[in-house]
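Here is a short briefing on one model. It covers domains, chain symmetry and one helix.

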There are 2 protein chains.
Amino acid sequence: MGRTSDAREKIISAAQSLIELRGYSALGVAEICKAAGVPKGSFYYFFESKEALALTVLDEHWAGQRRDWTRILHGDAEPLQRLRQLFEETEAAQRAGQKSCGTVSGCLFGNLTLELSNQTEAIRKRLQEIFDAQVDMVESVITEALQQGEVDVADPREAARSVVAQLEGQVLFAKLYNNTSQLGALWANALALLGARSPRETVAGT
Amino acid sequence: MGRTSDAREKIISAAQSLIELRGYSALGVAEICKAAGVPKGSFYYFFESKEALALTVLDEHWAGQRRDWTRILHGDAEPLQRLRQLFEETEAAQRAGQKSCGTVSGCLFGNLTLELSNQTEAIRKRLQEIFDAQVDMVESVITEALQQGEVDVADPREAARSVVAQLEGQVLFAKLYNNTSQLGALWANALALLGARSPRETVAGT
């Protein structure tokens, strides 16, 4: 029982690492099993297809990231400071990833959106749910900031989507140039997008 | 001679369509040749590898897009209005693509950045050059707007990168939700990012 459960976790973990390095389409089940150190026969005991594995990888990655986002965005700091912390932790995570594997791997959800959303409807739907949840969380912080008069936006949801779009666009550049310092602009850009160009604290250098 | 040249163009055109639909990694040379209607043997007469073909697809796509961007961004309109026109034509192009193939295919450069930039250095370098050129063109418009006192930015290059990042992020959402109306926010967001929140003209509905 212990070993069975291990094998499933090993497959998921190997698949996530390989997807981050090389995308989804280029991978085969045999390669994932080899990297996981499990016999190929056991793959289909746990997953009915490579797509089913990809959905599980998305779910597990989002479960972890949702915990982080919840801790930060539901925290005690002032609303805009929570957004700032989200950007700083995102930059730190990308920097740690770069240190461990040599390149900035970017956002797993953004990567798979551009690679796969037109190819499999199940993956598109899951990615939509994940980005909807991210936008919900950012919208809730913007609504608080709006109630406190700290931002000036007509539509908090549209504003939240723009902040997440800015995050995805800058992470794309961080991956392209293999340079996380791109992400240093996120905080000032979010303030600008939210009509809060005079924050209480000055923008810290990174 | 005419037929030879045709075959090369057919391969490039088929490859671009297939890459937009399904990404690069999932494609094989045989499939590209079949879609192009040319014998597989002729592929290696024109291209030494699939990667060489991908670089040619990038170059040709950028040659066309650079012509459009130059026409718009070097036009006679006021600087900020040229940016607005760029966003409107981007949205129209994505809408036309969606009409012809059923789904929003997004930005070829963004797609291949997230799929491939960590896998092949030649493609990463070419994509860096293309995005550098895009940022150059937007920076030049922002610098003009700055000289005319229409925007308030400390660093025109950083601002240009943020505008292009916003464009890539919103195109990602347009692809994810298969909905080009996402792109309607680009103009207002660019004004906000550039500290030009009171444009001379009001934001037009789409």
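What distance separates the centres of domain 1 of chain A and domain 2 of chain A, taken over C-alpha atoms? The separation is 27 Å. This is a predicted model. Its two chains, A and B, superpose by a rotation of 180°.

**Domains of chain A**

- The domain assignment places domain 1 at residues 1-47. Domain 2 of chain A takes in residues 54-193.
- Domain 1 of chain A puts 10 residues into the contact between the two domains. Domain 2 of chain A puts in 12 residues.
- On the domain 1 side of that contact, 6 residues are nonpolar. Another 3 are polar, and 1 is charged.

**Symmetry of chains A and B**

- The 180° rotation that brings chain A onto chain B comes with 0.0 Å of shift along its axis. The RMSD of the superposition is 0.0 Å.
- This relation is that of a two-fold axis.
- Both copies use the same surface: of the contact residues of chain A, 100% recur in chain B.

**Helix 8 of chain B**

- Helix 8 of chain B covers residues 156-176, 21 residues in total.
- At 1.5 Å a residue, helix 8 should span 30 Å. Its end C-alpha atoms lie 30 Å apart, so the expected and actual spans agree.
- Is helix 8 of chain B mostly covered or mostly uncovered? It is mostly covered, with 19 of its 21 residues buried.
- B:Asn178 follows helix 8 of chain B. The phi of B:Asn178 is positive, near 50°.

Definitions and conventions:
Residues are numbered from 1 along each chain as its sequence is written. Chains are lettered from A and ligands numbered from 1 in the order in which they are written. This is a predicted model: local features need pLDDT of at least 70, side-chain atom pairs count only at pLDDT 80 or more; totals for chains, interfaces and linings use all residues. Helices (H or I, at least four residues) and strands (E, at least two) are DSSP runs, numbered from the N terminus. The expected span of a helix is 1.5 Å times one less than its number of residues. A residue is buried if 20 or more other C-beta atoms lie within 10 Å of its own, exposed if 12 or fewer, and partly exposed in between; C-beta atoms are placed from the backbone. Copies are superposed by least squares on the C-alpha atoms of residues with pLDDT of at least 70 in both. Two residues are in contact if their C-beta atoms, placed from the backbone, lie within 7 Å. Domain bounds come from an automatic or database domain assignment. Ala, Val, Leu, Ile, Met, Phe, Trp, Tyr, Cys and Pro count as nonpolar, Asp, Glu, Lys and Arg as charged, and the others, Gly among them, as polar.
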